[in-house]
Amino acid sequence: MRVTAILGAVLFLGVATSVAKKSRGHISVVLLGATGDLARKYLWQGLFQLYLDEVSNGHTFTFHGAATSEPTKGQQWMFDPLKKLSCPSDVTPNRCSVVKDQFLKLTRYHQLKTADHYAALDQEIQTMLSQEELEEAGRIFYFSVPPFAYVEIAQHINSSCRPPPGTWLRVVLEKPFGHDLRSAQQLAEELRTFFQEEEMYRVDHYLGKQAVAHILPFRDQNRNNLDPIWNRHHVERVEIVLKETVDVKNRTSFYEEYGVLRDMHQNHLTELLIALAMELPANVSSAEAVLRSKLQTFGSLQGLGRGSAVVGQYEAYNAHVREELQKGRDFFSKTPTYAGVLVHLNSLRWEGVPFLLVSGKVLDERVGYVRVLFKNRAYCAQRETERDAESSPCKPKQLIFSIGHGELGSPAILVSRNLFKPVLPEHSWKEVSDHPQLRLFGQPLSDFHMYVPVAERDAYSVLISRIYQGKRDFFITMENLLASWEFWTPLLDSLAGEVPRLYPGGHGNGHLLDFERTGQEVSFAIKDTVQLMEVGEEQHPDRFRVMQSRFRHSQLITAWSEELVGRLASDIEAVAVSAIEKSGTFHLALSGGSSPVALFQQLALHHYSFPWRHTHVWLVDERCVPLTDPESNFRNLHDHLLQHVRLPYVNVHPMPVHLNRRLCVEEDKGPEMYANEIAALVANTSFDLVLLGVGSDGHTASLFPHSLVGLEGSRDVVFTESPAKPHQRMTLTLPLINRARRVSVLAMGKGKHDIVTLVSRVGHDPQKWPISGVNPSSGQIAWYVDYEALLG
């Protein structure tokens, strides 16, 4: 391989317009994973573009494709896509043909598996340099391999293939950089034993996309117009959206481990968020100043809780996982493929401004954009048709960075004409004056100043050029990376057991994935259950969307757990309002256990109009422990609901299990006291609503199988014995429960599937299955059962 001869031939054939410069040194580029999907689609084209741009500028190059395959197969797999390399439209066919031919001659395949293989590559580079009488300027190692291979490869490079002193080394790492904060920290520590931080270039390819790369320069070039309005007083909200129409078939092993939040939100969307929200340094060309401002912005992000996100999963996902990962027919994944996240910042500039981060697979369109929507305080009495876009204060005011695809089909920057006319560099951006008949967010394109790149460049081509130039400001530093993981990990942990909402995909999603903001939280806009839609004959969870049907000849409401609890809370509030309108009070009896906790939290945090002042809260059952004991049902109710709402203390009725410093002693007559209190306050001893759960053995309240206590007779409150500790309980009896105007039974989780299935089939047999005896004599019963409990 005669590198200097090749360079001379290229120059002689007219590729360069000036006399060849003396070589500024040789650069060896090693692409690890050279036969992989990313290399075939993007990286080889990016390396070829680098060679095309730089072949006449003084450096010489060789390109080494590497993989673990043996040489014969690996070389064939690598060179097949290289034959399809293309040149931009502004390159003449003759020049393109010559440079492509030389690029192929400078490219070789290597099998790299062992330390000996890396040592052999190093020796080959040294031999070539000696024969060509070239000095080495640097080496680039591009890791297009899974992250689990990073450390081993790093060790081999460091011990066997590191360039000599005085020669730079640049190691390019592709995401994912860890799975959470802890794993990212571990990976960073391991790589730091082999490479200096300045030698590592962590790629987020969205930073190479032209509209994204120009966010900071645009803010800098338009400071005069943006500074007065780039704040909470003028910005209504910011939307950062990356939608895809493809599924994850053939990538399910990756997606099962990472999901949409790790794949898209933690990196791409976060970088866009930070670029928009960060304080602009005086010199945006200073990588250090930009990094410092980014880290300050990470520090101002409000922590994410469970209510900060909504998640979904396209319906065919489980079938793809079962097929590709050889899972059983009963396998059910909770991995989200769609997420909408609400982010707020604790800063004077952005306090109260919602940043919405949305991404998903199998959606209705492929599009990426950032949309800054400004507040509009004007009211225009005249019809808008009477005003042009630049003079109308009532038309929407927005700034849009179109990342690509969508109806525009290309990167673009758009500014509403009633905001300002932006400044953009003429050599790289041009204004589009011939507007096609398109509308963007309800507005014709003629309402915008619209700019597109003079020449479109692929993101990887841009980033590879930056790597070659040593411009680190386009890449993710370790501090930046760990700050992002620190922000996202709590949300990821809180969603670990969350069942995502199923959606059919494409235009069939309708409004299923729409969500709305309430304070600091988001929830799906469609909460009510609808008719069951089944696809296929077998009843698997991924074959259902949302359901409403019958259960034991009574009303059944079923949905994912979050939606189900929201529906139950709304129904309770509606019953409360109705009861108070009729009688002035609402009497609610609540069961203990773990299932109602989510309901208590829902009522406390989301139902501010609930008529607590006129509500009386009773206990369905209680363990014979002090009311302050962690196992007390009243303690649970107090901690998760009562202390958060304005309920008069005289309206709270704990069961008297602790009397005379004794627990549940018959002669203290605690059950009679509670029954008398109920009779005195509750008309006809008929509660307006009783909330029950169901145990895996079929018990409800503290009424247990194979015991006649509390199942019949004239007593309203009794002591019972539980098979589990603490054994002694106090409970409402079945006759009192059945006098209620309404009874709601809540069952959630896979652990309840067997009993729910059994109860759906058994008749009236309360001695064996106490829950089967719940049948209000003159009221209604509704069963609230989530998908996991219903379908398994």
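A disulfide is here a pair of cysteine sulfur atoms within 2.5 Å of each other, and the close-up views below, all taken from a predicted model, begin with such pairs.

**View 1. The disulfide between Cys87 and Cys96 is one of the 2 disulfides that the structure holds.**
The sulfur atoms of Cys87 and Cys96 lie 2.0 Å apart, which satisfies the cut-off of 2.5 Å for a disulfide. Because the torsion about the S-S bond of this pair is about 90°, the disulfide is right-handed. Both of its cysteines, Cys87 and Cys96, are buried.

**View 2. A disulfide between Cys624 and Cys664 links distant parts of the chain.**
In this pair the distance from S to S is 1.8 Å, and the torsion about the S-S bond is about -95°, so the disulfide formed by Cys624 and Cys664 is left-handed. Cys624 sits in the loop between strand 25 (621-623) and helix 18 (633-640), whereas Cys664 belongs to the loop between strand 28 (662-663) and helix 19 (670-681), and the two cysteines are 40 residues apart. Cys624 and Cys664 are both buried.

**View 3. An open sheet is formed by 6 strands with parallel pairing.**
Read across the sheet, the strands follow the order 3-2-1-4-5-6, with strand 3 (107-111) and strand 6 (200-203) at the edges, where each pairs on one side only. From one strand to the next, the twist averages 20°. Within this arrangement, strand 4 (residues 136-143) pairs with strand 5 (residues 168-174) in the parallel sense over 6 bridges, and Tyr142 stands opposite Val172 in strand 5.

**View 4. A further open sheet has 10 strands and mixed pairing.**
The order of its strands is 14-17-13-12-11-7-10-9-8-18, and because strand 14 (429-431) and strand 18 (501-503) each have a single partner strand, one side of each of these edge strands is left without a neighbour in the sheet. Neighbouring strands are turned against each other by 15° on average, with direction ignored. An antiparallel pair is made by strand 9 (residues 338-343) and strand 10 (residues 355-360), which are joined over 6 bridges, and Val343 stands opposite Phe355 in strand 10.

**View 5. Helix 11 (residues 252-277) lies across several strands.**
The strands that the helix lies across are strand 7 (235-243), strand 9, strand 10, strand 11 (367-374) and strand 12 (397-405), and helix 11 runs at about 145° to strand 10.

**View 6. The largest cavity is lined in part by helix 11 and helix 15.**
The structure holds 7 cavities of 30 Å³ or more, and the largest cavity contains about 120 Å³ of space. It is lined by 16 residues, of which Phe177, Gln266, Asn267, Ile476 and Leu481 are the closest to its centre. Helix 11 and helix 15 each supply at least two residues of this lining, and helix 11 gives the most, with 5 residues.

**View 7. Asn480 has its place in helix 15 (residues 478-494).**
With a relative accessible area of 2%, Asn480 falls under the 20% limit and therefore counts as buried. When residues up to four places away in sequence are left out, Asn480 touches Glu271, Leu291, Lys294, Leu295 and Phe298.

**View 8. Cys161 is a buried cysteine.**
The relative accessible area of Cys161 is 0%, which is under the limit of 20%, so this residue is classed as buried.

Terms used: Residues numbered from 1 in each chain as written. Predicted model: local features only at pLDDT ≥ 70, side-chain atom pairs only at ≥ 80, totals over all residues. Heavy atoms only, no water. Helix = DSSP H or I, 4+ residues; strand = E, 2+ residues; numbered from the N terminus. Buried < 20%, exposed > 50% of the residue type's maximum accessible area, 1.4 Å probe, protein only. Contact = heavy atoms within 4.5 Å. Pairing = 2+ DSSP bridges. Axes fitted to C-alpha atoms, helices over the stretch in contact; angles between N-to-C directions. 1 Å grid on protein atoms, 1.4 Å probe; cavity = no way out; pocket = protein on both sides within 12 Å on 5 of 7 lines; lining within 4 Å. Points joined across faces, edges and corners; volume = space filled by probe spheres on them.
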